[in-house]
Amino acid sequence: MNLAVELQGLSLKNPIMPASGCFGFGREFHEFYDLNELGAIMIKAATGTARFGNATPRVAETSSGMLNAIGLQNPGVESIIENELPFLQQFDTPIIANVAGSTEEEYVYVANKLSEAEGVAALELNISCPNVKNGGIQFGTNPEEAMALTEAVKAVSRVPVYVKLSPNVSDIVAIAQAVESAGADGITMINTLIGMQLDLRTGEPLLANGTGGLSGPAIKPIAIRMVRAVREHVSLPIIGMGGVSHAEDVLEFLLAGADAVAVGTANFTNPYCCKNIIDALPDTLDRYGYASVKDIVERSGRRGISISSS
Ligand SMILES: Cc1cc2nc3c(=O)[nH]c(=O)nc-3n(C[C@H](O)[C@H](O)[C@H](O)COP(=O)(O)O)c2cc1C
C-alpha cells in the first residue's frame, strides 16, 4: 500500500514523523532503525542563542501522562545548523525545523537562518511552548499576535511555514484562522496542556518550574476534538499530534481531519514506535476497510487538501 502524502511544500513517503523535542536530532534513534523510513523529522526547538532550559526536576511521570518543563533547552540556531543538521542531511527524509524565540525579532532571525539550511523542508513555528515565561505561548494565545508573527516569519522564510498551535486557549479555531489568514502553509497541533503534579510530602509542585506540559495518551481525546474543530473551519494541511502510540491512533487523527501525524512522548517508552506504526499502518487501514491514506481523507469528507494517490 502506498502511504505517500503530499502536503503544502512537503512530499512525505508516509504520514508519520517524530514530534519536536521527543526525538532530539535523531542520533540516538538512528542506532535503532533507518531514519529514511520516516515521513519527516521534526527537530527540537531552536532559539537565537543557546538556552540552558529550566531548573531540574523538569520531567515527571503522572498517573495519566508525562509532565515536562524543559524550557526550550538547545545549543542555539547556529550550532544546530553547524553540528546537528549535517547528520540528518544524510537521510532522504524532510527536516521540519522548530523555531522558537522570546521576541518577534528572535523568531524572524531563527526562521531566516533555518530556512536557508540544506535539508530543511519546512519550518514549524512554535508559538505554543507553555514552559517559558517570555515568548512561545504569548504569541499562541492571542489571534492578532499569532497573525503578526506568522506574517513576519513568512516574509523571510524560503520554505513553507507550519504554525504549531497551543491547546491552552479558549478558542483554538480563532488562532488557526488567524494564522491561515496570515499566509501560513499549514498547522501542527497540539502542543502540551499545562498541568501540575504535587509532592505529597511537601504539598509543593514536583517540577521546579511549578507547572509543566502534559503529553501522552491522556491528551489524545483533546487533540482529536481540536483537530476536528480546526478542520471544519480551516483548509490548511494539519499535522496532528497528542498521545499517538499506535497505528489506530493515526487512523483516528486522519479521520478527525489531520493529513499527517507526529509521535511525541511514545518515543521515550518505545524508541521503535514510529517505525512500528509505519509498518503496521497498511494492515490497520485494511482492517478498517480503507484502501489508502487518500481513501480516509476522501471518506472523511474534507476538501482543499492534495494527497497523492495510492
Ligand atoms: C520532553 C518534551 C519536549 C518537547 N519539546 C518541544 C519543542 O522543543 N518544541 C515543540 O514545538 N514541542 C515540543 N514538545 C511537544 C511535542 O512536540 C508534542 O506537541 C506534544 O508532546 C504532544 O504529543 P505527544 O502526546 O505525542 O507527546 C515537547 C514535548 C515533550 C514531552
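Helices (H or I, at least four residues) and strands (E, at least two) in these views are DSSP runs, numbered from the N terminus. Every panel shows a predicted model.

**View 1. S20 and its loop.** Let's start with S20, which has its place in the loop between β3 (16-18) and α1 (27-30). S20 also belongs to the group of residues that come nearest to the ligand, together with K164, G216, G243 and T265. In UniProt, an unreviewed entry lists S20 under the feature "binding site".

**View 2. The ligand and its polar partners.** Zoom in on the oxygen atoms of the ligand here. A backbone N or O atom of G243 is 2.7 Å from one ligand oxygen atom. With K44 the side chain is involved: one of its N or O atoms lies 3.0 Å from an oxygen atom of the ligand. For A45, a backbone N or O atom is found 3.3 Å from a ligand oxygen atom. On its own the ligand has 610 Å² of accessible area, and the protein covers 96% of this.

**View 3. The shell around the ligand.** Stepping back a little, this panel takes in the 23 residues around the ligand. By type, the shell divides into 13 polar, eight nonpolar and two charged residues. The ligand itself sits in the largest pocket.

**View 4. Annotated positions and the pocket lining.** Two sets of "binding site" positions come from UniProt, in an unreviewed entry. One set includes S20, K44, A45, N98, N126 and K164, and also I190, G216, G242, G243, G264 and T265. From this set, S20, K44, A45, N98, N126, K164, I190, G216, G242, G243, G264 and T265 are part of the lining of the largest pocket. The other set holds K44, N68, A69, I70, G71, L72, N126, N191 and T192. Of these, K44, N68, I70, G71, L72, N126, N191 and T192 belong to the lining of the largest pocket.

**View 5. L72 and its backbone.** Here is a backbone detail worth a look: L72 is not a glycine, yet its phi is positive, at about 60 degrees. L72 is located in the loop between β6 (65-68) and α2 (77-89).

**View 6. Two cis peptide bonds.** The bond from M189 to I190 is cis, with omega near 15 degrees. I190 lies in the loop between β10 (186-189) and β11 (193-195), and the unreviewed UniProt entry gives I190 as a "binding site" position. Another cis peptide bond runs from T56 to P57, with omega near -5 degrees. P57 is in the loop between β4 (41-42) and β5 (59-62).

Methods. Residues numbered from 1 in each chain as written. Predicted model: local features only at pLDDT ≥ 70, side-chain atom pairs only at ≥ 80, totals over all residues. Heavy atoms only, no water. Near = heavy atom within 4 Å. Polar contact = N/O pair within 3.5 Å; in protein donor to acceptor, adjacent residues only side chain to side chain. Areas by Shrake-Rupley, 256 points an atom, 1.4 Å probe, with all protein chains shown as cover. 1 Å grid on protein atoms, 1.4 Å probe; cavity = no way out; pocket = protein on both sides within 12 Å on 5 of 7 lines; lining within 4 Å. Sits in = over half its atoms within 2 Å of the grid points. Nonpolar A, V, L, I, M, F, W, Y, C, P; charged D, E, K, R; others polar. UniProt positions renumbered as here; feature names shortened; annotations may be inferred.
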